[in-house]
Amino acid sequence: MTNVIQYALLGLGLGAIYTLLGQGVVLIYRGSGVLNIAHGGFAMFGAYLYLQLHVPSSLGASYSSQPGWPVLPAFLAAVSATAAIGLATDRLLLRGMRNASPLSRLIATVGVLLVLIAAASKIWGASPPFVPAILPTSIWQLSPSVTLPSSYAWMVGIAVAITVLLTVVWRFTRIGWVTAAVSQNERGAAALGISPGFVSSATWTAGAGLAAAAGILLTPITQISVGSLSLLIIPVLAALLLGGFQSFPATLASGMFVGVAQTVAVNYNDFFEKHLHITMTSDAFPVLVVLLVMIVRGSSLPLRGHIGERLPAIGTGRIRWRIVLPTIAIGSGLIVALSSNPTVMAALTVTFIAATLLLSLVVLMGYAGQISLAQYALAGVGGLLAARLAQRSGLDLVPALAVGVLGAMVAGLIIAIPALRLRGVNLAVITLAAAWAVHDMVFTNPQVSGETAGVSVGRATLFGWEISGQTHPGRYAAFTLAIFALACVLVANIRRSRLGRNMIAVRSNERAAAASGVSVFRTKLLAFAISGAIAGSAGTMLAFQYESTSFVTLDAFTSLLAVAWVVIGGVGFIMGALLGALLAPGAVLSLLGSYWHGFGEWLALIGGVGALLAVRFNQDGVVYGLRRAFSQATAKIPQGRPTSHRGDDVAIPPKIEPTCVVPQRLQIENLTVRYGGIVAVDAIGISVAPGEVVGLIGPNGAGKTSLMDAVSGFAHYEGNIRLGHERIDQWSAHRRARSGLVRSFQGLELFPEMTVLENLQVPGHFDGGASALIEILRPRQVRLSEVTLAAIQDFGLAPILHKFPDEISYGQRRLVAIARAVAAQPSVLLLDEPVAGLSEHESHEFAILVRQLANAWGMAILVIEHDMGFVMNTCDRITVINFGKHVCTGTPDEVRADRAAIAAYLGDEASPDPADPIPVSETETRTPSEARL
């Protein structure tokens with residue numbers, strides 16, 4: 001028990017360190033909406049600057065002749081310089097990325113971290129310097145067996161003081177109010193004259209300065225090195241996720257908890273090593289604790305929305321064999337011609353292995369939009385499993401490769417568990433923490449991976465033919481090229497398959513994907529599994545390149561580098577993986593070191609700067625830029641977007657008779673929706689029969705969309721909903737869509753990275769089983785169901801099938817959104833303000849289409865709309881609600897004459913005589929029977 005108390009007290013000092021760093025991260029996030037992965041780099045850079053000014057001799061003989069500054073001037077100068085770096089990061093980098101995707105902004109901070117680490121390594125070297133104490137160093141004897149360094153107590157006091165200061169400023173000063181306003185509603189704050197840009201710059205400056213101060217204070221306790229201090233952000237972010245990014249006091253509490261948990265775990269290290277064969281002397285334990293808490297809790301960091309956010313572009317997946325085959329032939333020829341040069345062969349091998357690993361990120365991040373900062377950890381798991389089995393049983397390379405692929409696939413599925421409950425930068429933090437934990441618990445554990453000595457796998461053989469990279473580098477390079485080529489074909493087929501369309505739909509809009517019948521759960525699992533499998537193949541090739549392999553270098557920082565490489569090349573393009581792989585250490589670009597002495601030392605800095613330039617000026621990557629330049633030069637491909645395969649033309653028959661859907665009645669009984677203590681929908685009942693159009697009207701805030709969200713499975717509710725004869729209250733949104741209950745969205749929610757044709761193909765049935773595997777191995781020709789063909793014909797979409805949503809008019813986008821819902825062949829169709837923004841003529845035409853869907857197709861249609869001309873001339877019955885309560889239900893004529901309905905919709909002061917009808921458009925005078933023609 002005494003040991004536990006002693007370790008817990010020491011943990012308070014570590015928790016204070018996490019708190020000091022964490023408060024700066026929270027401050028920057030609240031002011032700019034950006035999660036700063038580079039925060040540890042700021043702390044590291046500030047600490048080195050302080051040493052440079054205060055104790056230059058500690059940095060080596062080259063600085064020993066420089067005089068040192070006093071503590072306070074050196075401290076203030078280092079903090080100010082680091083704050084200036086934070087300001088420059090915001091003004092020069094992030095200010096121009098306001099409309100970039102969250103992924104791109106996150107990668108921008110990763111690029112900043114890479115630049116800071118590379119620059120610090122070049123300036124000060126990698127050797128840890130001696131850091132003199134700043135705080136008192138006496139030891140407090142609390143009991144005969146329990147002591148506490150006074151510096152730890154000082155750190156705790158400083159952490160508490162800074163927390164109190166930030167809390168007071170945030171809650172009780174205008175500075176805090178303004179920052180909070182920007183954090184909660186950036187557009188609203190701007191409308192009040194508050195500059196979000198100024199607030200962002202101010203918080204970046206203050207946050208970076210706070211990071212420098214934390215780094216200077218903590219380095220005499222933990223000592224300092226470029227890599228360790230920079231990556232200290234990982235347990236800090238884990239603590240922040242545990243605290244929920246909600247408040248500065250919560251950050252203090254979670255930081256202290258993680259620090260104490262980490263040091264107390266060390267007390268039980270013998271138990272872990274004896275029974276579980278893992279070590280807890282590292283920082284892995286608190287990360288694992290936070291991982292488990294986040295998986296169970298499933299909370300999500302509240303990301304701030306930005307207007308016009310755009311995800312990185314993606315390729316079409318079309319394989320141009322007339323280009324691919326000659327390229328492979330040239331590569332093979334080079335391998336044969338240069339096989340006698342082991343240096344060149346090793347560089348080609350590393351390039352193909354890295355490119356294969358980056359292909360896993362193309363699938364996961366490019367197609368599925370799931371951020372992963374743990375790909376080298378997955379690769380290492382696959383490689384380690386294969387290497388261990390080969391060591392014990394002498395496996396041939398092919399079965400070893402299968403083991404590595406399966407092992408990494410399972411690891412990918414494990415990492416996918418938090419992805420099912422988290423997304424965006426939350427997921428990035430979790431995967432980065434997982435990479436940290438795997439490295440510390442597995443790759444540096446001598447009992448598991450052999451640590452620096454590595455695992456002996458012997459000479460690799462392929463069906464008995466020796467191809468070891470150590471004795472036959474040319475053969476092994478050819479093998480890695482073949483695996484990379486197969487992986488390229490696999491990834492291209494995925495892009496053109498139903499699974500690929502589902503991935504892109506999930507990446508674009510999870511709600512719209514689920515409403516189209518896509519299982520977000522299954523799609524994410526498949527994305528992580530496939531990504532893990534590809535990464536596992538790369539890890540296995542890496543493990544078998546030489547007779548002995550070590551996994552120590554596969555740390556979290558390497559996974560960060562991998563993301564930077566693929567972003568530079570183009571995260572949505574297959575060839576982006578190959579171009580990005582050129583930046584890997586030991587890859588082809590490293591051959592320049594033969595002609596430029598010391599080039600390898602600059603490669604990390606070049607990669608960091610390249611990542612910054614890529615995300616700042618071309619977040620779509622080098623491949624997209626080259627493709628765009630080629631399009632402009634040839635004028636054969638529309639400028640600014642990768643185009644779909646124009647050969648995938650769809651033959652539209654001259655006349656398609658509508659296919660009657662399966663008739664099902666929608667029955668809503670006592671539906672109640674609550675948001676906390678607010679009742680948005682109060683015991684509403686609605687029935688919609690096949691072939692019937694029912695309108696749902698009411699003023700803004702009446703609860704209409706909340707009701708539709710509940711019916712379609714996107715909001716928790718009380719009451720009963722029946723589809724046909726079945727209760728569907730426990731069904732997920734995608735299951736409801738597949739069973740015939742489909743909805744549209746007021747905001748259209750089209751998938752912008754897919755053409756109109758691909759948008760219409762998303763609702764097609766996809767079970768993710770054997771048929772999915774067959775389609776990935778051999779994609780089928782594009783085939784559309786009769787329902788989809790009929791929707792294309794009825795909605796007049798044939799001329800725009802190969803255009804992207806932003807290339808067509810708003811009215812056409814409206815039609816595409818409804819056609820996509822119709823392509824799911826719904827028995828019940830929910831329309832949320834379908835004619836909003838349309839002209840009177842377009843509204844008139846759409847009313848005819850709605851009546852056709854009900855009369856000819858047999859759909860039951862529930863429509864929310866504010867256009868009274870559309871509602872009165874299209875609906876068979878109308879339900880009026882106000883403040884979530886039922887007002888009346890009846891035919892259009894009955895609702896026109898209902899005083900309560902008029903009062904609810906127009907207000908009591910505007911209530912006309914009961915005999916007066918609710919006004920409709922002056923040009924819309926058709927009767928319901930005429931509208932059904």
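# Two loop residues and the packing of α23

Visitor: Where is E833 found?

Guide: E833 is found in the loop between β13 (828-832) and α34 (840-855); here helices (H or I, at least four residues) and strands (E, at least two) are DSSP runs, numbered from the N terminus. This is a predicted model, in which local features need pLDDT of at least 70, side-chain atom pairs count only at pLDDT 80 or more, and totals for chains, interfaces and linings use all residues. Residues are numbered from 1 along each chain as its sequence is written, while side-chain values use heavy atoms and leave out hydrogens and water.

Visitor: And what is the phi of E833?

Guide: E833 has a positive phi of about 50°, although it is not a glycine. Most residues other than glycine have a negative phi.

Visitor: Is E833 buried or exposed?

Guide: E833 counts as buried because its relative accessibility is 10%, where buried means under 20% relative accessible area, exposed over 50% and partly exposed in between (1.4 Å probe, protein chains only).

Visitor: What about F883, where is that and how accessible?

Guide: F883 sits in the loop between β15 and β16 (885-890), and its phi is near 50°, again positive in a residue other than glycine. With 63% relative accessibility, F883 counts as exposed.

Visitor: What does T879 in strand β15 touch?

Guide: T879, which lies in β15 (residues 877-882), is in contact (heavy atoms within 4.5 Å) with I686, G695, L696, I697, H886, C888 and T889, leaving aside neighbours within four places in sequence. T879 counts as buried, at 1% relative accessibility.

Visitor: Switching to helices, how do α20 and α23 pack?

Guide: Helix α20 (residues 473-496) and α23 pack at an angle of about 175° with their axes 11 Å apart; axes are lines fitted to C-alpha atoms, for helices over the stretch in contact, and angles run from 0 to 180 degrees between N-to-C directions. The two helices are therefore roughly antiparallel to each other, a label for angles over 145 degrees, with under 35 as roughly parallel, 65 to 115 as roughly perpendicular and the rest as oblique.

Visitor: Which residues make that contact?

Guide: From α20 they are Y476, F479, T480, I483, L490, V491 and I494, and from α23 they are I530, I534, S537, T540, M541 and L542. These residues divide into 10 nonpolar, 3 polar and no charged, counting Ala, Val, Leu, Ile, Met, Phe, Trp, Tyr, Cys and Pro as nonpolar, Asp, Glu, Lys and Arg as charged, and the others, Gly among them, as polar.

Visitor: OK, and what angle does α21 make with α23?

Guide: The axes of α21 (residues 498-508) and α23 (residues 520-543) come within 10 Å and cross at roughly 110°, which makes α21 roughly perpendicular to α23. The contact involves L499, N502, M503 and V506 of α21, together with V520, T523, K524, L526, A527 and I530 of α23. By class, that contact has 7 nonpolar, 2 polar and 1 charged.

Visitor: Back to α20, what does G474 touch?

Guide: G474, a residue of helix α20, touches I335, S339 and M345, not counting residues up to four places away in sequence. G474 and T349 are 125 residues apart in sequence, yet 8.7 Å apart in space, C-alpha to C-alpha. G474 counts as buried at 10% relative accessibility.

Visitor: And overall, how many helices and strands are there?

Guide: The protein has 38 helices and 16 strands, and buried residues make up 57% of its 933 residues.
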